[in-house]
Amino acid sequence: MSTRRREIARSAVELFADRGFHGVSVGDVGAASGISGPAIYKHFRGKEEVLAQALVDISTELLDTGRARVAAHDDASDRLDALVDWHIDFAVSHPAYIVVQEREWSRLDADARAEVRTLQLAYVDLWVDVVRSLRDDLQRAEARAVVQAVFGLLNSTPHSARIGEDALRTLLARMARAALLA
């Protein structure tokens, strides 16, 4: 995948979050990327493919970085903290992706939805394995429900009142850890 495709997709996400998928033209995406609208077609078949690329890219980044953070620690509690910190970094730094995923999911074609869903489920499973290493009382399905509930909490940041980034990160980490280990 070319770096230029990723840059274009990244630029488009902010527009999609601000104006909605249908409120953004190919010309808008081009302008945000520093190229003409028609030049987008050198990289993508259309806006739908730009959206798909953006959501595949961020889902891949979540999974790859999550795996790296888990691999960097031997202690299960440290692994959990690394995952929580990573997801908070993502949620606070990339709120547009959360908004776009939530609002524009239905715009993805079936293949793109399947690819994004596969990446996201692998990310959930990474968390489930870490949580279960700390909570042997949880069956896999229960651990998955806990993890997904915590994602709901952490991914609510684009809709939350801001209390300052450091305070927000501290609050979210405390709440996530408490929920995961309750």
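Asp 109 comes out as partly exposed in this predicted model, with a relative accessibility of 45%. That value lands in the middle class because the cut-offs put buried at under 20% and exposed at over 50%. As for where it sits, Asp 109 belongs to the loop that links helix H5 (95–104) to helix H6 (110–134). Asp 109 also has company on the surface: together with Glu 48, Asp 111 and Glu 115, it makes up a patch of negative charge. The 45% accessibility of Asp 109 fits with patch membership, since a patch residue needs over 30% relative accessible area and no salt bridge.

Moving on to helix H6, Ala 114 is one of its residues. Ala 114 is partly exposed too, and here the relative accessible area is 42%. Measuring from C-alpha to C-alpha in the model, 31 Å of space lies between Ala 114 and His 73, while the two are 41 residues apart in sequence.

Zooming out to the whole fold, the protein has eight helices and zero strands, so the pattern along the sequence simply reads α-α-α-α-α-α-α-α. The radius of gyration is 18 Å, close to the 16 Å that the globule rule gives for 182 residues, so the protein is as compact as a globular protein of that length. Taken along the principal axes, the box filled by the C-alpha atoms is roughly 55 × 35 × 30 Å. As for burial, 43% of the 182 residues count as buried, which means they have under 20% relative accessible area.

Conventions:
Residues are numbered from 1 along each chain as its sequence is written. This is a predicted model: local features need pLDDT of at least 70, side-chain atom pairs count only at pLDDT 80 or more; totals for chains, interfaces and linings use all residues. Side-chain values use heavy atoms; hydrogens and water are left out. Patches are made of residues with over 30% relative accessible area and no salt bridge: like charges are joined within 9 Å, nonpolar side chains (Val, Leu, Ile, Met, Phe, Trp, Tyr) within 5 Å. Accessible areas come from the Shrake-Rupley method with a 1.4 Å probe; for residues, only the protein chains shown count as cover. A salt bridge is a side-chain nitrogen of Lys or Arg within 4 Å of a carboxyl oxygen of Asp or Glu. Lys and Arg count as positive and Asp and Glu as negative; His and the chain ends are not counted. The place of a charge is taken as NZ of Lys, CZ of Arg, CG of Asp or CD of Glu. Helices (H or I, at least four residues) and strands (E, at least two) are DSSP runs, numbered from the N terminus. Buried means under 20% relative accessible area, exposed over 50%, partly exposed in between (1.4 Å probe, protein chains only). The radius of gyration is taken over C-alpha atoms; the globule rule is 2.2 Å times the number of residues to the power 0.38.
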